[in-house]
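Reader: I should be grateful for a close look at a single part of this structure, set out as one connected account.

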Amino acid sequence: MPLGQVPLLKTDGLDINQSNAIINWAVRNGDLPNLSCEEASKSDMVTETCREVFDGVRLPAFGAMMAIAEDKKEERAAAFRDTAKAKLTEQLPKIETILKHVGAGKESINAGKLCLGDLYLLNIGLLAYDLGLCDSVPAAAMAINKATPHKNDRVAAFFIKEKDTKYFPF
Ligand SMILES: N[C@@H](CCC(=O)N[C@@H](CS)C(=O)NCC(=O)O)C(=O)O
């Protein structure tokens with residue numbers, strides 16, 4: 001592991017570190033439709049907003065957990081979850097704002113074309129589900145999340161394969 005960190009993706013001839021480098025590899029090797037420049041910028045805006053929301057949750061939540069002694073597992077988990085819930089509630093309105101700004105459709109950001117931004121919305125939806133905050137997910141994001149698995153076989157397969165996997169395992 002080049003940086004001693006996970007995640008690490010082993011590909012033919014290259015071990016890839018850094019989450020965003022792994023995501024870029026997956027997009028280049030995947031089957032998402034080609035986007036126009038404008039469509040790609042709309043996807044980028046949603047993607048970056050979702051990353052910001054996710055960082056706004058995970059960084060303080062891990063911080064709160066790390067402040068508690070390692071042997072106090074239950075206290076650590078509670079600190080993580082309580083902080084993550086409070087931060088996600090604070091952050092979620094940003095998603096509504098950016099979806100309005102890009103004029104997102106009812107089933108995807110760009111009409112008829114699945115994009116990385118749609119998949120990032122799914123990530124936020126799964127995070128909210130894990131934290132019991134589905135009701136706080138903006139309706140526009142919820143509608144896209146419902147439609148996305150029907151647009152791509154691998155996304156649909158992911159939901160079947162990972163249905164019992166916890167987003168955060170504590
Ligand atoms: N920028 C990296 C951060 C990865 C990261 O922070 N990984 C943590 C686990 S979530 C890790 O491996 N920490 C161990 C360490 O840094 O020694 C990415 O996005 O992949």
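Taking helix H2, what span should its 30 residues have at 1.5 Å a residue, and how far apart are its end C-alpha atoms? Please continue from there to whatever packs around that helix.

Author: The model is a predicted one. For H2, 1.5 Å a residue gives an expected span of 44 Å over its 30 residues, and the end C-alpha atoms lie 42 Å apart, so the two values agree. The helix runs over residues 37-66.

The buried residues of H2 are Lys42, Ser43, Val46, Thr47, Thr49, Cys50, Val53, Val57, Ala61 and Met65. As background, an α-helix has 3.6 residues a turn, so residues three or four places apart point the same way. The cover over the buried residues of H2 includes H3, H4 and H5.

Two residues serve to follow the packing between H2 and H3. Pro60 lies in helix H2. Pro60 counts as partly exposed because it has 16 C-beta neighbours inside 10 Å, whereas a buried residue needs 20 or more. Leaving aside neighbours within four places in sequence, Pro60 is in contact with Thr83 and Lys87. The C-alpha atoms of Pro60 and Lys87 are separated by 7.9 Å, although these residues are 27 apart along the chain.

Gln91 offers a view from the other helix, since this residue belongs to H3. With 19 other C-beta atoms within 10 Å, Gln91 is partly exposed. When residues up to four places away in sequence are not counted, Gln91 touches Val53, Gly56 and Val57. Of these, Val53 and Val57 are among the buried residues of H2. Between Gln91 and Cys50, which are 41 residues apart along the chain, the C-alpha separation is 9.4 Å.

The next step is the nonpolar core. As a general matter, nonpolar side chains tend to be buried together in soluble globular proteins. The largest nonpolar core here has 28 residues, and those that touch the most other members are Val46, Leu88, Ile95, Tyr120, Leu121, Ile124 and Ala141. Two or more residues are given to this core by each of helix H2, helix H3 (73-91), helix H4 (93-102), helix H5 (116-130) and helix H6 (139-147). H5 contributes the most, with seven residues.

H5 therefore merits the same check on its span: its 15 residues should cover 21 Å at 1.5 Å a residue, and its end C-alpha atoms are 21 Å apart, in agreement. Buried in H5 are Leu116, Gly117, Asp118, Leu119, Tyr120, Leu121, Ile124, Gly125, Leu127 and Ala128. Their cover includes helix H1 (19-28), H2, H3, H4 and H6. After H5 comes Gly132, whose phi is positive, near 70°.

Ala141 shows how several of these residues meet. Apart from neighbours within four places in sequence, Ala141 is in contact with Ile95, Leu99, Leu121, Ile124 and Gly125. Leu121, Ile124 and Gly125 are among the buried residues of H5.

Pro138 lies in the loop between H5 and H6. Pro138 has 19 other C-beta atoms within 10 Å and is partly exposed. With neighbours within four places in sequence left aside, its contacts are Leu92, Ile95, Glu96 and Leu99. The C-alpha atoms of Pro138 and Leu121 are 10 Å apart, and 17 residues separate them along the chain.

His101, in helix H4, has 12 C-beta neighbours inside 10 Å and counts as exposed. From His101 to Val6 the C-alpha distance is 34 Å, and the two are 95 residues apart in sequence.

Val6 leads to the ligand, around which stand Gly4, Gln5, Val6, Pro7, Gln18 and Ser19. This shell comprises two nonpolar, four polar and no charged residues. The peptide bond from Val6 to Pro7 is cis, with omega near 0°, and Pro7 is found in the segment before strand E1 (8-11). Gln18, in the loop between strand E2 (14-17) and H1, has a positive phi near 80° although it is not glycine. With 14 C-beta neighbours inside 10 Å, Gln18 counts as partly exposed.

Finally, an unreviewed UniProt entry places the feature "domain: GST N-terminal" at residues 1-34. Over residues 1-34 the chain is 29% helix and 24% strand, with the end C-alpha atoms 32 Å apart.

Notes:
Residues numbered from 1 in each chain as written. Core = buried A, V, L, I, M, F, W, Y, C linked by C-beta atoms within 7 Å. Helix = DSSP H or I, 4+ residues; strand = E, 2+ residues; numbered from the N terminus. Contact = placed C-beta atoms within 7 Å. Near = placed C-beta within 6 Å. Nonpolar A, V, L, I, M, F, W, Y, C, P; charged D, E, K, R; others polar. UniProt positions renumbered as here; feature names shortened; annotations may be inferred. Expected span 1.5 Å × (residues − 1).
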